[in-house]
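Work through these exercises with the model open beside you. Try each task before reading its solution.

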Amino acid sequence: MSQKPTAATPATTHTTPESHDPSRRDFMMLTACGLAGVGAASAAWPFINSMNPDAGVLAASSIEVDLAPIQVGQTIKVKWRGVPLFIRHRTPGDIEEARKVPMGELKDPETDEARVKKGHDQWLIMVGVCTHLGCIPLTGEGEFGGSDKGGLFCPCHGSQYDTSGRIRKGPAPKNLTVPQYSFLTDSRVKIG
Ligand code: FES
């Protein structure tokens with residue numbers, strides 16, 4: 001990828017961005033699902049890599065991420081408290097796709113508005129761990145991404161999530177978790 005997002009620092013961790021490499025995705029997916037544990041799986045993934053504080057610090061840690069380099073339609077991954085986070089700069093199509101879905105069609109009903117911060121609707125931040133058995137879904141895949149490909153697909157058991165990270169198909173019972181976070185500025189977010 002030609003443009004690497006610079007991200008995360010301060011609080012208690014420092015992150016260094018790495019690119020999302022689709023060519024490695026299948027291998028990494030299999031590794032992640034085979035381990036069935038995100039802590040162990042994370043070593044094989046191209047997350048923006050946090051330096052590893054000791055366990056006590058890790059448990060309480062928060063990270064700050066600079067969103068400015070993340071282009072519209074791009075999803076980056078960062079490691080936070082030992083799990084992957086997906087941060088997507090959603091397109092208008094992503095948002096439209098998510099908001100037109102009737103609540104009655106959702107297994108875990110939740111509005112798109114409730115999963116983002118008001119005024120920052122283009123940013124979707126989620127824990128990238130499938131709520132079925134803990135695999136790491138593929139981003140930009142599946143039947144519920146709309147024309148902008150903002151959905152997610154978990155190939156091990158076929159769960160599919162939409163452009164709001166809500167479960168739409170497959171065995172996963174819940175939407176992808178939205179962590180606690182807040183915007184420090186329009187382009188900087190503190191997670192945790
Ligand atoms: S772990 Fe994702 S569908 Fe089973």
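The exercises go from the overall fold to sheets, core and one loop residue.

This is a predicted model: local features need pLDDT of at least 70, side-chain atom pairs count only at pLDDT 80 or more, and totals for chains, interfaces and linings use all residues. Numbering starts from 1 along each chain as its sequence is written.

**Exercise 1. Take stock of the secondary structure and burial.**

Step 1. The protein comes to four helices and 12 strands. Helices (H or I, at least four residues) and strands (E, at least two) are DSSP runs, numbered from the N terminus.

Step 2. Of the 192 residues, 38% are buried. Buried means 20 or more other C-beta atoms within 10 Å of the residue's own; exposed means 12 or fewer, and partly exposed lies in between, with C-beta atoms placed from the backbone.

**Exercise 2. Find the strand order and the edges of the two open sheets.**

Step 1. Take the four-strand sheet. Its order is S7-S8-S9-S10, paired antiparallel. Two strands pair if DSSP finds at least two bridges between them.

Step 2. S7 (138-139) and S10 (167-169) are the edges; each has a single partner strand, so one side of each lacks a neighbour in the sheet.

Step 3. Check one pairing. S7 and S8 are joined antiparallel over two bridges. Leucine 138 lies opposite phenylalanine 153 in S8.

Step 4. Now the three-strand sheet. It runs S4-S5-S6, again with antiparallel pairing. S4 and S6 are at the edges.

Step 5. Check S5 against S6. Five bridges join them. Histidine 89 has tryptophan 123 in S6 as its bridge partner.

**Exercise 3. Locate the largest nonpolar core and follow leucine 85.**

Step 1. The largest nonpolar core has 30 residues. Such a core is a set of buried Ala, Val, Leu, Ile, Met, Phe, Trp, Tyr and Cys residues joined through C-beta atoms within 7 Å.

Step 2. Those with the most contacts inside it are Val65, Val78, Leu85, Ile87, Ile125 and Ile191. Strands supplying at least two core residues each include S4 (75-80), S5 (83-89) and S6 (123-127).

Step 3. Beyond four places in sequence, the contacts of leucine 85 include Val78, Ile125, Pro179 and Ile191. Contact means C-beta atoms, placed from the backbone, within 7 Å.

**Exercise 4. Place phenylalanine 144: is it buried or exposed?**

Step 1. Phenylalanine 144 sits in the loop between S7 and S8.

Step 2. Phenylalanine 144 is buried, because 21 other C-beta atoms lie within 10 Å.

Step 3. Leaving out residues up to four places away in sequence, phenylalanine 144 touches Gly151, Gln160, Tyr161, Asp162 and Arg168.

Notes: Contact = placed C-beta atoms within 7 Å.
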